[in-house]
Protein chains: 4
Amino acid sequence: MINADILTAIITPFSDDGTINFDALEKLTNHLIDTGSKGFVIGGTTGETPTLSHDEKIELYTRFAQIVDGRGVIIAGTGSNNTFETTHFTAEVSQIPGIDYALVVVPYYNKPDQRGMIAHFTAVAEQSSVPLIIYNIPGRTGVTMANDTVVELSKNENIAGVKQCTDMADFEYIVEHTDDDFNVFTGEDAQALFAKIVGGRGVISVASHVYGQEIRDMYDSLYAGNYQKAGDLMRFLSPKIKALFMYPSPSPVKAVLNAQGYEVGDCRLPILSLNDEEKAILAQRLGARDLASAKG
Amino acid sequence: MINADILTAIITPFSDDGTINFDALEKLTNHLIDTGSKGFVIGGTTGETPTLSHDEKIELYTRFAQIVDGRGVIIAGTGSNNTFETTHFTAEVSQIPGIDYALVVVPYYNKPDQRGMIAHFTAVAEQSSVPLIIYNIPGRTGVTMANDTVVELSKNENIAGVKQCTDMADFEYIVEHTDDDFNVFTGEDAQALFAKIVGGRGVISVASHVYGQEIRDMYDSLYAGNYQKAGDLMRFLSPKIKALFMYPSPSPVKAVLNAQGYEVGDCRLPILSLNDEEKAILAQRLGARDLASAKG
Amino acid sequence: MINADILTAIITPFSDDGTINFDALEKLTNHLIDTGSKGFVIGGTTGETPTLSHDEKIELYTRFAQIVDGRGVIIAGTGSNNTFETTHFTAEVSQIPGIDYALVVVPYYNKPDQRGMIAHFTAVAEQSSVPLIIYNIPGRTGVTMANDTVVELSKNENIAGVKQCTDMADFEYIVEHTDDDFNVFTGEDAQALFAKIVGGRGVISVASHVYGQEIRDMYDSLYAGNYQKAGDLMRFLSPKIKALFMYPSPSPVKAVLNAQGYEVGDCRLPILSLNDEEKAILAQRLGARDLASAKG
Amino acid sequence: MINADILTAIITPFSDDGTINFDALEKLTNHLIDTGSKGFVIGGTTGETPTLSHDEKIELYTRFAQIVDGRGVIIAGTGSNNTFETTHFTAEVSQIPGIDYALVVVPYYNKPDQRGMIAHFTAVAEQSSVPLIIYNIPGRTGVTMANDTVVELSKNENIAGVKQCTDMADFEYIVEHTDDDFNVFTGEDAQALFAKIVGGRGVISVASHVYGQEIRDMYDSLYAGNYQKAGDLMRFLSPKIKALFMYPSPSPVKAVLNAQGYEVGDCRLPILSLNDEEKAILAQRLGARDLASAKG
């Protein structure tokens, strides 16, 4: 069971020469741990994985595990829409010291059916030395893993959880129909509070790059029995979350982090960094004078 | 401010001869108050209002107020897609003793824009002796009242709240941007818990006809600081709520109530009462041996 | 069988005092016949029927039949979401001399299922002295009549056709699975050409108020074997059609007609007439200097 | 300008040992040319490209060009959601003798905005020795290339067309606003007829694997001025097209081809070949006794 309620799907910082910036990664990681993250997804969508080469990913995961050094759980992204490739890459990543789980996305673009998804995840799980977390995000993949498919896959000993990006009714169904040690996370920041309340493990967050402390406070208020304060924080966070996805992710998060001195660099194509006009609009939507001062 | 967290959008019981059954209405009303309802919407969609004549509605509202007799707040449905007609009917209903508010739906079918909605609600509010509650339900009306339109209308002294049937982000926005005494209810049972947590007044419920006690317990658990129990109850309720809308409402609720001895009769066309096969499927979805035993 | 390919869903002109303007109606009707309309829907959505009283509708239909005087088929709108009321009103309208068919909309707002729709239309058909045309428009009613329900109802001797506002695949299915004398019309101007090509009877049009001649030419080009010219005209019409629905219908059509001297007056609430800014935007979208010059 | 109205997005045949079966490819290619295909997309989605390695794709494209040997235009799939990778792979493929165009999909999964799409396609076009065809398929990519973005990219000398999978209004807009030599194809078989009529170049088809002759006849009937026959054929084809996509593509097409002796083999994971039950359902939906006899 994953003993962590807030995990950050961490961005990949790039240097001016376009390579991964490990110094920036370390600084950011420490900041995220300080502001309440209990774990990470490295090499997720937010990490611009589609644009990382095989070798970059292996180095990124290896060095990230060294940076975190036991201070949080690590889930590494290994999925693609090619079962053969995913199986091999997951097996390889699962050997990296410090990687606790592999995040395997539902195959995007080629749109398998439920039977194909089961075959895909079963094949990948078989060769992996760490348990898998399913990543179910229809808005990106064009296809939905059905609730009962998640439930069926949850019985596989090497499938340990799901990062779910559909609606709350689905989320509740999965919590209800899987064992208590199956880790059900929402991948939607907007559901962070509700997901926790109905029995999910917590949230795999993008907004925590900027609003980690507020999400931390929200959860802690809830634990302390103060649902009103938790609700107030959720209501505060919602428009900020929306704003952080108003341009292709992770460009808004990177823009804020750059403005606040984290030197995470540009995005890789086909994602562009925000231009000045977009930065101004984003700041305004975040209720801040400028991105440097965007905070809780 | 409406001091009530659970309101039931009560069905209209019919006798075998097709007329309104006031004895059944009284029995059901008492039951609902006993199981936690603090108020009512009478003559809403669940009350099959499209099939009630003008005179039936006036009698229904008048006698229902006598039945409730101060034991809960009463909101009476008065809206249509004809501004002239709505204005006159709302004014008439607002004179009925015991009617506290008028529920005015966003005009359905003819699809006004935001400007038209503002004109509609402003005209109706002007002639009503009781404050209005806006009913925003795009799934039925084909058109959405925008958040900022709700906010603008909330400034009208004679518009006291909204029954909102869109997503949680909209709900949170409206709570955030309206005064504390503006009554923001969700009309979606599936949002009952979340709506309360983020600062809504509560829920206008259909499921409370059958699961009133569980919704009561859910809210009371939350108030007592036990969010886990509240979450467990929400997760219990969600599939039941879904089942109660698997056939055109209110036929499933009426089927359960009939099975449990409340003699609420059939639906009026174009809504049909459930047939035996549908009743069996509904019972199964409610996790019950039969509809008579469907309970929390 | 309806021997007409272009029918106009005609607006209801109002005088400054708010009553129906029959002089304007006559002038407009003549214009529409001159520009290619072979029939009419009177008292449809475009006719603002939700805002007409019972007596207004009876007078409107009676006098409109006298105006048309055999120069085109007449379909009169009689539907609502109350089966009892629809049955009686359809029966009454069906006695008006010159009314050839009754347009009965799928019940909106209360969302019956397929079984309820069949019961509704069967009940209405039984009491009507003229055959019914089903009006299937999910975007307004919130519910879709399934293809197989249309097919089943097409076997009722007193149901003569359908005005279909879903996608082309549905349209083709219905044409394929109903008898040749069942009249399948599209109610979407954007489908006017395709619907004709795959075997539909034609279009029940709103755009024909302004672009009747172009729609006439489009159909006639097709009949003459010149598909390229028909296609060019469809491509010309598409953005105009979109523009005519950019504000709540029929306000854009009425704005154009007023600008062109047809004196059709304002809309009734909750539909507002266009303001000056909206008129300017509409003209621009119609590719015209101003609304008076908007033409093919 | 591409002088071809029907292009087949050809499947990739696999041998029992899992390698590409070039004999089957040749046999199938000849069959497709015989039944009316005037060109091909090789290595599209239908070709299961996500599961082909770099080397397999290079060999596939090289040998396919030799098989076709000038008997039709060839468009080779080269796109991904990584701009760097797409640029290099497109440049490489563009050097293969006989490849006329490169099909570059809008980046899937990471969801660039319009600005990012323009940067992506501009970068790829710059390095390619053959012109690009944009592939706009929101149902798979999760993101829509806006009409005006297509129009803007059409001005790039090395971007020659678009395979469009959105609605007919978009299609018409693009035809209207691009130069006559810009090749606008529909990628939706269901739009094959309408796309041609409104001025598109034609269809990039999957159904042509099975119903090539019928699509050929449909277009030829249209050219001959017989729109009714063309419409009848479209109506005949529509349910077949739907059936061919009822399971993940290309498994239905491969099942039919295998049944008809083309030995195209299984699909690669995550797409599964049809099981017996699925084959029976598919045959029934194609209106055939079994898949071997599924025909026009």
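This report describes two interfaces in a predicted model, that of chain D with chain A and that of chain B with chain C.

## How the model is read

Because the model is predicted, local features need pLDDT of at least 70 and side-chain atom pairs count only at pLDDT 80 or more, while totals for chains, interfaces and linings use all residues. Residues are numbered from 1 along each chain as its sequence is written, chains are lettered from A and ligands numbered from 1 in the order in which they are written, and side-chain values use heavy atoms, with hydrogens and water left out.

## Chain D with chain A

Taking contact to mean heavy atoms within 4.5 Å, 33 residues of chain D touch 33 residues of chain A. The size of an interface is often given as the accessible area lost when the parts come together. Here the buried area (the accessible area, with a 1.4 Å probe, that two parts lose on being put together, summed over both) is about 3,000 Å², with 57% of it on carbon and sulfur atoms. Within chain D, the residues that lose the most area to chain A are D:Y109, D:R115 and D:P270, which together account for 26% of what that side buries.

Two salt bridges are found across this interface, a salt bridge being a side-chain nitrogen of Lys or Arg within 4 Å of a carboxyl oxygen of Asp or Glu. D:R115 takes part in a salt bridge with A:E278, in which the closest N and O atoms are 3.1 Å apart. On the side of chain D that touches chain A, α4 (114-127) and α5 (138-141) of chain D each supply at least two residues, and α4(D) gives the most, with four residues; helices here are DSSP runs of H or I, at least four residues in length, numbered from the N terminus.

## Chain B with chain C

In this second interface, 33 residues of chain B are in contact with 33 residues of chain C, and the two chains bury about 3,000 Å² between them, carbon and sulfur atoms giving 57%. B:Y109, B:R115 and B:P270 lose the most area to chain C among the residues of chain B, together making up 26% of what that side buries.

The rule finds two salt bridges between chain B and chain C, and B:R115 forms a salt bridge with C:E278, where the closest N and O atoms lie 3.0 Å apart. The side of chain B that touches chain C receives at least two residues from each of α4 (114-127) and α5 (138-141) of chain B, with α4(B) giving the most, four residues.
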